[in-house]
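Subject: A structure for you to look at

Hello,

Here is the structure I promised to pass on to you. Please open it first, and then read my notes below alongside it.

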Amino acid sequence: MAGLTRFTRFLGELLVKKNARAFSITPFVADWKVGKINHVAIAVPDIEKTASMYRDVLKAKVSEKHAQPEHGVYTVFVELGDTKIELLNPMGEKSPIQGFLDKNKSGGMHHICLEVSDIEAAMKDLKAKNIRLLSETAKIGAHGKPVVFLHPKDCNGVLVELEQE
Ligand SMILES: C[C@@H](C(=O)O)C(=O)SCCNC(=O)CCNC(=O)[C@H](O)C(C)(C)COP(=O)(O)OP(=O)(O)OC[C@H]1O[C@@H](n2cnc3c(N)ncnc32)[C@H](O)[C@@H]1OP(=O)(O)O
Ligand SMILES: [Co+2]
């Protein structure tokens, strides 16, 4: 009798597992992980003046100014151990940071950049979770690696950049 009960339970469990697999609607997404903060970005009205503050007053290691035409910004990186501050200034007529600077005349914290282990998997997963991506495909960022931005309204009011680690 006990043997029959065990066998019936075994059959029951087998059916539950089989059905769970057959009716699963979760799309396949490769595993991905979020890593460290790559940079915190600050949009500023005068990038030379701000760079000089970090270089000459705070004695930090500060890069040259670089044009990022794909992104409509000029960047300067302040190196801080294993992370960075990215200074941003608008480039061209349609810079994505112009509206932010119009609202924040003396500048302000613009975005955080988090490293991810697999940006394509992250994009697929976040899209399925209704987090708006601000471009259809990843672009090449300031460090020569793919990056994508997530809408601040879907990330607790913070613009988030993901960068392939
Ligand atoms: C070089 C590269 C790299 O590191 O590799 C970079 O970082 S390039 C860095 C520059 N590139 C990017 O930022 C690309 C992604 N950004 C964008 O597509 C845009 O900037 C948006 C985030 C969509 C915002 O565009 P825009 O200011 O024209 O739109 P909007 O005025 O309608 O803003 C919609 C709402 O979002 C808010 N909002 C705008 N910018 C925000 C920000 N940085 N942080 C938090 N909230 C923000 C506005 O106040 C508004 O809220 P209310 O409706 O409540 O007033
Ligand atoms: Co950035």
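Six donors around a metal count as octahedral if opposite donors are over 155 degrees apart and all others lie between 65 and 115 degrees. Please keep in mind as you read that this is a predicted model.

**The metal site**

Which residues coordinate the cobalt ion (ligand 2)? They are His39 and His111, each through NE2, together with Glu86 and Glu161 through OE atoms, at 2.1 to 2.3 Å. The cobalt ion (ligand 2) has six donor atoms around it, and the arrangement is octahedral because the angles they subtend run from 74 to 168 degrees. For reference, the ideal angles for six octahedral donors are 90 or 180 degrees.

Along the sequence, the spacing of the donor residues of this cobalt ion reads H-x46-E-x24-H-x49-E. Glu86 and His111 link distant parts of the chain: Glu86 sits in strand 5 (residues 83-90) and His111 in strand 6, 25 residues apart. Both Glu86 and His111 are buried.

**The salt bridges**

How many salt bridges are there? The count comes to seven, and here are some notes on individual pairs.

Strand 6 comes up again in the pair of Lys36 and Glu115, whose side chains meet in a salt bridge with N to O at 3.8 Å. Since Lys36 lies in strand 1 (residues 34-43) and Glu115 in strand 6 (residues 108-116), this pair ties together parts that are 79 residues apart in sequence. Are its two ends buried or exposed? Lys36 is partly exposed, at a relative accessible area of 34%, while Glu115 counts as buried, at 13% relative accessibility.

Lys61 forms a salt bridge with Glu79, and their closest N and O atoms are 3.8 Å apart. Here Lys61 belongs to strand 2 (residues 61-62) and Glu79 to strand 4 (residues 73-80), so the pair ties together parts 18 residues apart in sequence. Lys61 is exposed, with a relative accessible area of 59%, and Glu79 counts as partly exposed, at 40% relative accessibility.

Another salt bridge joins the side chains of Lys33 and Asp31, at 3.7 Å from N to O. Lys33 counts as exposed because its relative accessibility is 56%, and Asp31 is exposed too, with a relative accessible area of 63%.

I hope these notes help you find your way around.

Best wishes

Terms used
Residues numbered from 1 in each chain as written. Chains lettered and ligands numbered in written order. Predicted model: local features only at pLDDT ≥ 70, side-chain atom pairs only at ≥ 80, totals over all residues. Heavy atoms only, no water. Salt bridge = Lys/Arg side-chain N within 4 Å of Asp/Glu carboxyl O. Buried < 20%, exposed > 50% of the residue type's maximum accessible area, 1.4 Å probe, protein only. Helix = DSSP H or I, 4+ residues; strand = E, 2+ residues; numbered from the N terminus. Donors = N, O, S within 2.8 Å, 3.2 Å for Na, K, Ca; no water. Tetrahedral: all angles 85-135°; square planar, octahedral: opposite > 155°, others 65-115°.
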